[in-house]
Amino acid sequence: MENVPTVRLQTGYAMPLVGLGTWQSLKEEGQTAVECAIACGYRHIDCAWMYQNEDEMGKAITKVIKENKVQREELFITSKLWSIFHKPELVRTGFMKSLNKLNLKYLDLYLIHTPCGNKYVDDETIIPQGSDGKTLFDDTDYVKIWKVLEDLQKEGLIRSIGVSNFNKHQINRILKECSVPPAVNQIEINPYLVQKDLVDFCNNKGIVVTAFSPLGSPTRPWVSPEEPALLKDPSLEEIAKRLEKSVAQVILRYLIERKTVVIPKSTSPDRIKSNIELFDFELTKKDMDAIGSLNQDFRVLAWPWLVGHKYYPFKENYSE
Ligand SMILES: CC(C)(COP(=O)(O)OP(=O)(O)OC[C@H]1O[C@@H](n2cnc3c(N)ncnc32)[C@H](O)[C@@H]1OP(=O)(O)O)[C@@H](O)C(=O)NCCC(=O)NCCSN=O
Ligand SMILES: NC(=O)C1=CN([C@@H]2O[C@H](COP(=O)(O)OP(=O)(O)OC[C@H]3O[C@@H](n4cnc5c(N)ncnc54)[C@H](OP(=O)(O)O)[C@@H]3O)[C@@H](O)[C@H]2O)C=CC1
């Protein structure tokens with residue numbers, strides 16, 4: 001089995017170009033998925049406190065290391081600070097909860113999951129709401145959170161720090177007001193949301209971009225039949241048929257050729273295996289352009305409960 005190619009982060013650490021997504025990978029099924037992924041050659045696992053499965057992810061990681069299937073140093077483990085831990089005094093708490101659940105001594109990458117904070121109620125209340133049904137916001141400035149992440153990095157608890165769902169303006173503020181630049185911005189990207197401007201911006205600043213929901217998140221809980229179904233797109237089906245690859249492989253290859261890291265989620269052994277078999281073919285410029293032209297600026301994850309938040313990143317003409 002060949003090693004998956006990596007990209008070098010600004011911190012000097014290597015990040016595998018393909019990782020396993022873990023949102024909605026529930027409990028034992030999620031644990032088995034990680035073990036299967038490691039056996040298939042994955043070395044990068046994308047976790048988050050918000051996914052409520054870091055205990056199981058930790059069990060799987062501990063097991064594969066204990067069984068000598070892989071060494072800790074070979075793995076690249078990401079987690080993310082959830083929005084309810086945005087008060088500066090809660091950032092370390094939120095981080096330690098993930099580190100302990102994952103049963104690790106350090107994380108390879110830790111991201112601020114979203115620039116928008118929510119009020120902390122308790123650990124079970126992931127999206128807190130008031131009695132009127134409205135989401136309870138916390139307006140802590142993400143720059144203050146970033147400075148705590150810098151401290152955790154200095155202490156050796158995190159190798160690289162980054163952001164997720166941040167726009168250009170928000171990244172620029174971190175670049176101007178903080179000492180450590182973000183190593184990564186993890187954002188939604190797929191052929192229906194190509195994000196050319198933000199990817200170009202990040203690349204120019206030396207920030208590696210990770211594409212989440214690369215397959216269009218077909219089993220998101222709020223999916224509706226009126227919404228475009230990426231994996232059934234006729235143009236992608238034509239390219240996949242011609243190249244004798246799956247539509248998912250064509251999409252993931254397209255994203256890798258755009259120099260983004262991909263983190264497809266799967267708990268199916270066959271799909272886990274095929275989603276990493278991306279390095280024995282290339283797409284022509286014509287195919288790349290055709291795939292890029294499918295853009296509809298369609299977001300599967302628009303974070304509707306955060307609309308109206310001071311730092312909601314997807315509003316037009318964003319300003320603070
Ligand atoms: C999706 C949930 C698991 C649904 O939970 P629940 O059934 O308790 O309902 P509500 O949370 O009250 O949801 C109300 C309403 O909004 C829809 N919804 C929820 N999240 C989204 C979203 N991200 N984009 C679009 N629409 C969304 C939900 O389907 C309901 O619609 P209807 O009223 O039925 O029409 C939810 O609790 C949840 O966890 N949401 C967040 C999930 C999420 O986005 N997580 C981050 C993604 S993974 N990232 O790293
Ligand atoms: N930072 C952030 O805010 C966010 C980060 N993420 C991260 O990105 C990861 C990926 O995004 P996600 O939204 O899960 O969605 P994806 O775009 O990765 O799609 C996952 C879905 O596609 C199915 N699937 C996987 N492989 C194939 C295949 N080869 N052919 C057909 N269907 C396939 C999976 O089903 P099955 O399991 O049955 O194979 C699953 O239902 C998340 O799991 C999470 O780690 C996601 C959202 C937000």
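## Pockets and ligands in a predicted model

Me: Happy to look at this predicted model with you. What is the volume of the largest pocket?

Reply: Let's begin with the residues around this space. The largest pocket is lined by 41 residues, and Trp23, Gln24, Ser213, Ser217 and Lys265 are the closest to its centre. By class, this lining has 20 nonpolar, 17 polar and four charged residues. The volume of the largest pocket is about 890 Å³.

Me: Nice. Which space does ligand 2 take?

Reply: Look at the neighbours first. Ligand 2 is surrounded by 30 residues, with Asp46, Ser217, Thr219, Ser266 and Arg271 the closest. One of these, Ser217, is also among the residues closest to the centre of the largest pocket. Ligand 2 indeed takes the space of the largest pocket.

Me: How much of the area of ligand 2 does the protein bury?

Reply: Some polar contacts help to set the scene. An oxygen atom of ligand 2 lies 3.1 Å from a backbone N or O atom of Thr22, and an oxygen atom of ligand 2 lies 2.7 Å from a polar side-chain atom of Asp46. Alone, ligand 2 exposes 900 Å². Of that area, the protein buries 90%.

Me: And how much of the area of ligand 1 does the protein bury?

Reply: Here too, polar contacts are a good place to start. Oxygen atoms are involved at Tyr51, with a polar side-chain atom 2.5 Å from ligand 1, and at His113, with a polar side-chain atom 2.8 Å from ligand 1. Taken alone, ligand 1 exposes 880 Å². The share of this that the protein buries is 48%.

Me: Which residue has a polar side-chain atom 3.3 Å from a nitrogen atom of ligand 1?

Reply: The residues around ligand 1 include Trp23, Trp222 and Trp305. By class, the shell has nine nonpolar residues, one polar and no charged. The side chain with a polar atom 3.3 Å from a nitrogen atom of ligand 1 belongs to Trp222.

Me: Which residue has a side-chain N or O atom 3.4 Å from a nitrogen atom of ligand 2?

Reply: The shell around ligand 2 has 12 nonpolar, 14 polar and four charged residues. The residue in question also has a polar side-chain atom 2.5 Å from an oxygen atom of ligand 1. With a side-chain N or O atom 3.4 Å from a nitrogen atom of ligand 2, the residue is Tyr51.

Me: Which helix gives the largest share of the lining of the second largest pocket?

Reply: This pocket holds about 590 Å³ of space. Its lining has 18 residues, and Asn167, Gln195, Arg299, Pro313 and Phe314 lie nearest the centre. By class, the lining divides into seven nonpolar, four polar and seven charged residues. The largest share, three residues, comes from residues 196-204, helix H6.

Conventions
Residues numbered from 1 in each chain as written. Chains lettered and ligands numbered in written order. Predicted model: local features only at pLDDT ≥ 70, side-chain atom pairs only at ≥ 80, totals over all residues. Heavy atoms only, no water. 1 Å grid on protein atoms, 1.4 Å probe; cavity = no way out; pocket = protein on both sides within 12 Å on 5 of 7 lines; lining within 4 Å. Points joined across faces, edges and corners; volume = space filled by probe spheres on them. Nonpolar A, V, L, I, M, F, W, Y, C, P; charged D, E, K, R; others polar. Helix = DSSP H or I, 4+ residues; strand = E, 2+ residues; numbered from the N terminus. Near = heavy atom within 4 Å. Polar contact = N/O pair within 3.5 Å; in protein donor to acceptor, adjacent residues only side chain to side chain. Areas by Shrake-Rupley, 256 points an atom, 1.4 Å probe, with all protein chains shown as cover. Sits in = over half its atoms within 2 Å of the grid points.
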